[in-house]
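This report describes one protein model from its overall build down to single residues. The sequence and the structure come first.

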Amino acid sequence: MGNLLTGLHHVTSFASNPQKNVDFYAGILGLRMVKKTVNFDAPHIYHLYYGDELGQPGTILTFFPYNGIGKGRKGNGQVTVTSFSIPENSLEYWMRRLDKFKVSYHKPVQYFNKETSIYFEDNDGMGIELVANNNDNRPGFSYGQIPQEFAVKGFYGVTIGQSNPKATLALLTEEMEHKQILEQDNRIRLTTTDRAGSYVDIVTDATAPRGLGGAGTVHHVAFATPNDATQLEFREKLLKNGILEPTPVLDRQYFHSIYFREPGGVLFEVATNDIGFTIDETEEELGTELKLPSWEEKNRAAIENGLDPIEANIEKFRD
């Protein structure tokens with residue numbers, strides 16, 4: 001058995017102010033807002049999706065922005081860093097751009113003596129890395145405020161913090177088709193395909209605090225599976241082995257999902273690749289209108305009245 005999981009699908013996080021979230025991810029980082037919808041479980045809250053031109057799996061960062069939400073704490077049992085892939089020669093450009101928009105960043109570092117990255121945080125404190133590499137042939141996306149040759153291509157990977165990674169490593173390698181490919185100090189790298197968009201780094205720090213949910217923290221990380229059949233096969237695999245109890249399949253309109261919490265505490269999702277965001281908007285229209293699930297259309301007026309207006313004002317983020 002193989003190819004049930006093909007890399008990362010998306011990462012979903014908490015934020016506070018929705019307009020500041022749009023400004024940071026669409027404006028400064030240049031990600032496309034591919035869908036503006038609501039949290040299906042709490043429709044008075046936006047669910048904002050950012051990604052490449054079509055919001056393809058492996059590029060999608062999503063947010064639940066709650067005005068007034070308390071700030072979370074990054075720590076063990078969480079995805080602590082979400083890493084994006086950028087072209088190999090673009091670090092200097094991005095450091096200048098972050099300087100321009102007064103975003104503080106750490107000095108560049110190398111993991112495993114490989115690609116160089118810079119770490120910074122959004123206005124809520126969410127951990128972000130840009131990883132300069134030549135291991136990614138995906139086209140980047142830009143609204144035009146960022147030169148195409150420097151544009152973000154999608155995810156590079158995620159970093160998970162754990163106090164004891166043994167059970168998490170066992171799940172990833174024995175049940176989730178990941179292979180351990182690198183280890184240095186307290187960091188272990190795993191992957192399904194050994195290319196950008198598939199890396200999971202586990203960092204062990206027994207002294208780090210346990211993570212607490214809130215603005216600036218990741219709610220869950222989703223792994224990609226080709227279709228409903230492979231999703232069900234993977235779900236049955238988990239059930240058969242008696243390790244975890246995944247949820248039933250849930251319809252998220254743009255993909256189908258199952259969820260389970262891995263032994264170290266991180267909420268994992270497995271999401272299908274085969275639906276996508278053009279199911280209710282054309283490629284050109286993606287992210288321009290508020291899209292609601294069919295069962296909430298009757299409540300559209302009340303939902304729209306309760307949401308803060310937002311816009312991707314790209315002009316003010318041009319170089």
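The buried residues of helix 2 pack against four elements: helix 1 (18-28), strand 5 (78-87), strand 7 (116-121) and strand 8 (127-133). Helices (H or I, at least four residues) and strands (E, at least two) are DSSP runs, numbered from the N terminus. Helix 2 covers residues 91-100, and its buried residues are Leu91, Tyr93, Trp94, Met95, Arg97 and Leu98. Buried means under 20% relative accessible area, exposed over 50%, and partly exposed in between (1.4 Å probe, protein chains only). Just after helix 2, Lys102 has a positive phi of about 60 degrees.

The model is predicted: local features need pLDDT of at least 70, side-chain atom pairs count only at pLDDT 80 or more, and totals for chains, interfaces and linings use all residues. Residues are numbered from 1 along each chain as its sequence is written, and side-chain values use heavy atoms, with hydrogens and water left out.

**Overall build**

The protein contains 5 helices and 16 strands. Its radius of gyration is 19 Å, close to the 20 Å that the globule rule gives for 319 residues, so the protein is as compact as a globular protein of that length. The radius is taken over C-alpha atoms, and the rule is 2.2 Å times the number of residues to the power 0.38. Along the principal axes, the C-alpha trace spans about 45 × 45 × 35 Å.

Of the 319 residues, 58% are buried. Among contacts with a separation of 6 or more, 69% are between residues 24 or more positions apart; contact means heavy atoms within 4.5 Å. The exposed area is about 13600 Å², of which carbon and sulfur atoms supply 48%. Accessible areas come from the Shrake-Rupley method with a 1.4 Å probe; for residues, only the protein chains shown count as cover.

There are 31 positive and 43 negative charges, and their mean positions are 4 Å apart. Lys and Arg count as positive and Asp and Glu as negative, while His and the chain ends are not counted. Each charge is placed at NZ of Lys, CZ of Arg, CG of Asp or CD of Glu.

**The two annotated spans**

An unreviewed UniProt entry places the feature "domain: VOC" at residues 7-133 and 154-273. UniProt positions are given in the numbering used here, feature names are shortened, and annotations may be inferred rather than shown by experiment. The table lists the make-up of both spans.

| Span | Helix | Strand | End C-alpha atoms apart |
|---|---|---|---|
| Residues 7-133 | 17% | 45% | 17 Å |
| Residues 154-273 | 20% | 40% | 15 Å |

**Selected buried residues**

Ser13 sits in strand 1 (residues 8-15) and counts as buried at 0% relative accessibility. Its C-alpha atom is 4.0 Å from that of Val218, although the two are 205 residues apart along the chain. Beyond neighbours within four places in sequence, Ser13 contacts Leu61, Thr62, Phe63, Phe64, Met126, Thr217, Val218 and His219.

Phe234 belongs to helix 4 (residues 228-241) and is buried, with 1% relative accessibility. Residues up to four places away aside, Phe234 touches Leu4, Leu5, Glu175, Met176, Ile258, Phe260 and Val270.

Ala196 is in the loop between strand 11 and strand 12 (199-204). At 7% relative accessibility, Ala196 is buried. Its contacts, neighbours within four places in sequence left aside, are Ser85, Asn133, Asn135, Asp136, Arg138, Phe155 and Tyr156.

Pro165 lies in the loop between strand 9 (154-162) and helix 3 (166-175) and is also buried, at 12% relative accessibility. With neighbours within four places in sequence set aside, Pro165 is in contact with Ile202 and Thr204.

**Loop residues with positive phi**

Which side of the burial cut-offs does each of the next residues fall on, buried or exposed? Phe112 is not a glycine, yet has a positive phi of about 60 degrees. Phe112 is placed in the loop between strand 6 (109-110) and strand 7, and at 9% relative accessibility it counts as buried. Asp185, also not a glycine, has a positive phi of about 55 degrees. Asp185 occupies the loop between strand 10 (179-184) and strand 11 (187-191) and is exposed, with a relative accessible area of 74%.
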